[in-house]
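This report describes the fold, the ligand surroundings and selected residues of one protein chain. Please keep the sequence and the model in view while reading.

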Amino acid sequence: MKNTDVIIIGAGPVGLFAVHQLGIKGLKAVVIDNLDKAGGQCIELYPDKPIYDIPAVPECTGEQLTTRLLEQIKPFKTEFFLNERVDEVYKEKENWVVKTNNDKEFFAPNIIIAGGVGSFEPRKISLKEAEKFEGKSVFYAVKNKEQFKNKKISIFGGGDSALDWALELSKFSKITLIHRRNEFRGAQHTLSKIRKLEKEGKIFIKTPCQIVSLENDKELKSITLKYDDEKTEKIHTDVILGFFGLIMKLGPIAEWGLNMDKKTIGVSPKNFETNKKGIFAVGDICSYPGKLKLILSGFHEVALASVECFKRARPNEKYRFEFTTSSKTIQDRLGKK
Ligand SMILES: Cc1cc2nc3c(=O)[nH]c(=O)nc-3n(C[C@H](O)[C@H](O)[C@H](O)COP(=O)(O)OP(=O)(O)OC[C@H]3O[C@@H](n4cnc5c(N)ncnc54)[C@H](O)[C@@H]3O)c2cc1C
């Protein structure tokens with residue numbers, strides 16, 4: 001069980017700035033996100049698109065904003081727990097316990113939910129048999145590439161993840177790259193390298209086709225593909241890697257007894273506390289009269305929520321409002337001389 005002052009659920013732009021606002025007040029936080037990287041919608045949905053309404057930043061892409069936010073919170077050495085979905089939240093005396101899908105536990109007087117539109121989850125193969133092999137021979141992300149060494153791997157998808165992993169894993173495994181269209185969306189320079197390996201007989205490409213069944217006894221043996229012209233083909237396969245994109249699901253947040261309003265959590269605009277003391281909701285996931293789903297609104301919300309978090313985490317200390325320009329304490333926390 002990990003103890004901290006604040007558990008932040010969601011590493012989108014608002015969750016990241018929450019680390020800053022807590023950090024300058026001397027509070028420790030951990031950040032948990034279901035995705036394998038920080039940045040939320042900015043990194044998953046529009047990494048290359050320019051944003052024009054971040055104060056004092058005339059233009060930056062979703063990826064640049066994420067990089068800058070991460071840079072800004074570096075001094076706080078915050079621990080990130082990625083690939084972890086928060087499933088359970090419950091109270092233990094005056095504190096909150098948070099549990100993830102991988103059984104990690106966290107303990108704190110405060111939780112800041114910066115869950116955006118919910119957890120991003122991989123789109124999965126819609127075959128019943130695929131479920132039974134999930135985590136054993138069917139995967140939707142690569143956490144440790146060592147486990148994919150010397151295997152017969154069928155990689156599905158037409159985007160960058162499918163192409164990048166096809167190239168990378170082809171160094172030590174037999175790769176079949178499968179896509180339902182003839183055209184691949186991913187980076188053309190990666191595709192050129194893959195086409196070259198195809199010519200050398202090192203990667204096999206199958207298009208336009210889709211998986212129709214998995215054959216197994218105890219272990220996965222092969223898959224059957226169906227082409228657009230109705231022909232079928234069996235491919236010997238030990239491992240399936242699916243990169244079909246992400247879907248957004250509100251997920252477990254709806255089960256935590258919070259004041260839900262459709263897919264958002266009702267909060268007080270005074271401090272962004274929910275109906276549960278010590279649980280705050282900020283960013284796209286919160287609602288209050290006049291709420292705007294903008295990054296800058298989320299930044300304001302965490303500034304106020306962090307003050308309330310301070311009061312709960314340090315009940316014997318008085319909160320003092322300070323400017324970063326003039327506070328020696330804040331500058332020390334930021335590692336400034
Ligand atoms: C195409 C597009 C363009 C946009 N352009 C602009 C713009 O120009 N200006 C602007 O201000 N805004 C823009 N937005 C909106 C902006 O991206 C959102 O307001 C912002 O991302 C909200 O940030 P957030 O941190 O609240 O949530 P998100 O960015 O949605 O991040 C939430 C994170 O929480 C995680 N999460 C959720 N539930 C769980 C759980 N149970 N366990 C673990 N993790 C969980 C998710 O995986 C996700 O990473 C745009 C949005 C889109 C889609």
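Is Ala 313 buried or exposed, going by the other C-beta atoms within 10 Å? The model is a predicted one, and in it Ala 313 is buried, because 21 other C-beta atoms lie within 10 Å and the threshold for a buried residue is 20 or more. Ala 313 belongs to helix 7. Setting aside neighbours within four places in sequence, its contacts are Asp 5, Leu 27, Pro 109 and Asn 110. One of these pairs spans much of the sequence: Ala 313 and Asp 5 are 308 residues apart along the chain, yet their C-alpha atoms are separated by 5.9 Å.

**Overall architecture**

The protein contains eight helices and 24 strands. Its C-alpha trace spans about 70 × 40 × 35 Å along the principal axes. Of the 337 residues, 37% are buried. Among contacts with a separation of 6 or more, 59% are between residues 24 or more positions apart.

The domain assignment divides the protein into domain 1, with the two segments 2–121 and 247–333, and domain 2, covering 124–244. The C-alpha centres of domain 1 and domain 2 lie 36 Å apart.

**Nonpolar cores**

In soluble globular proteins, nonpolar side chains tend to be buried together. The largest nonpolar core here has 51 residues, and those with the most contacts inside it are Ile 7, Ile 8, Ala 18, Ile 111, Ile 112, Ile 113 and Val 282. Helix 7 supplies the largest share of this core, with seven residues. Another core, of 27 residues, lies apart from it and includes Ile 175, Phe 184, Ile 203 and Ile 223.

Ile 113 shows how distant parts of the sequence meet. Leaving aside neighbours within four places in sequence, Ile 113 is in contact with Ile 9, Gly 10, Ile 253, Ile 265, Ile 279, Phe 280, Ala 281 and Ile 285.

**Surroundings of the ligand**

How many residues surround the ligand? The shell has 37 residues, of which Gly 10, Gly 12, Gly 40, Gly 116 and Gly 283 are the closest. Helix 1 (13–23), helix 2 (40–44), strand 11 (119–122) and helix 7 (295–313) are the elements that each give two or more residues to this shell. By class, the shell comprises 19 nonpolar, 13 polar and five charged residues.

**A strand pair and a loop residue**

Strand 13 (residues 152–156) is mostly covered, with four of its five residues buried. Strand 13 runs parallel to strand 14 (residues 174–178), and five bridges join the two. Within this pairing, Ile 155 has Leu 177 of strand 14 as its bridge partner.

Ala 187 is placed in the loop between strand 14 and helix 6 (188–199). Ala 187 counts as partly exposed because 13 other C-beta atoms lie within 10 Å, a number between the limits of 12 or fewer for exposed and 20 or more for buried. Apart from neighbours within four places in sequence, Ala 187 is in contact with Asp 160 and Leu 163. The C-alpha atoms of Ala 187 and Val 6 are separated by 39 Å, with their positions 181 residues apart along the chain.

**Backbone geometry to inspect**

Most residues other than glycine have a negative phi, and most peptide bonds are trans. The table lists two residues with a positive phi.

| Residue | Phi | Loop | C-beta atoms within 10 Å |
|---|---|---|---|
| Lys 262 | about 55 degrees | between strand 21 (260–261) and strand 22 (264–266) | 6, exposed |
| Phe 272 | near 65 degrees | between strand 22 and strand 23 (279–281) | 26, buried |

Which of these settings is buried and which is exposed follows from the neighbour counts. Lys 262 is exposed because it has 6 C-beta neighbours inside 10 Å, where the limit for exposed is 12 or fewer. Phe 272, by contrast, is buried, with 26 other C-beta atoms within 10 Å.

Where is Pro 208 found? Pro 208 is in the loop between strand 15 (203–206) and strand 16 (209–216). The peptide bond that joins Thr 207 to Pro 208 is cis, with omega about -20 degrees.

Terms used:
Residues are numbered from 1 along each chain as its sequence is written. This is a predicted model: local features need pLDDT of at least 70, side-chain atom pairs count only at pLDDT 80 or more; totals for chains, interfaces and linings use all residues. A residue is near a molecule or strand if its C-beta atom, placed from the backbone, lies within 6 Å of it. Ala, Val, Leu, Ile, Met, Phe, Trp, Tyr, Cys and Pro count as nonpolar, Asp, Glu, Lys and Arg as charged, and the others, Gly among them, as polar. Domain bounds come from an automatic or database domain assignment. Two residues are in contact if their C-beta atoms, placed from the backbone, lie within 7 Å. A nonpolar core is a set of buried Ala, Val, Leu, Ile, Met, Phe, Trp, Tyr and Cys residues joined through C-beta atoms within 7 Å. Two strands pair if DSSP finds at least two bridges between them.
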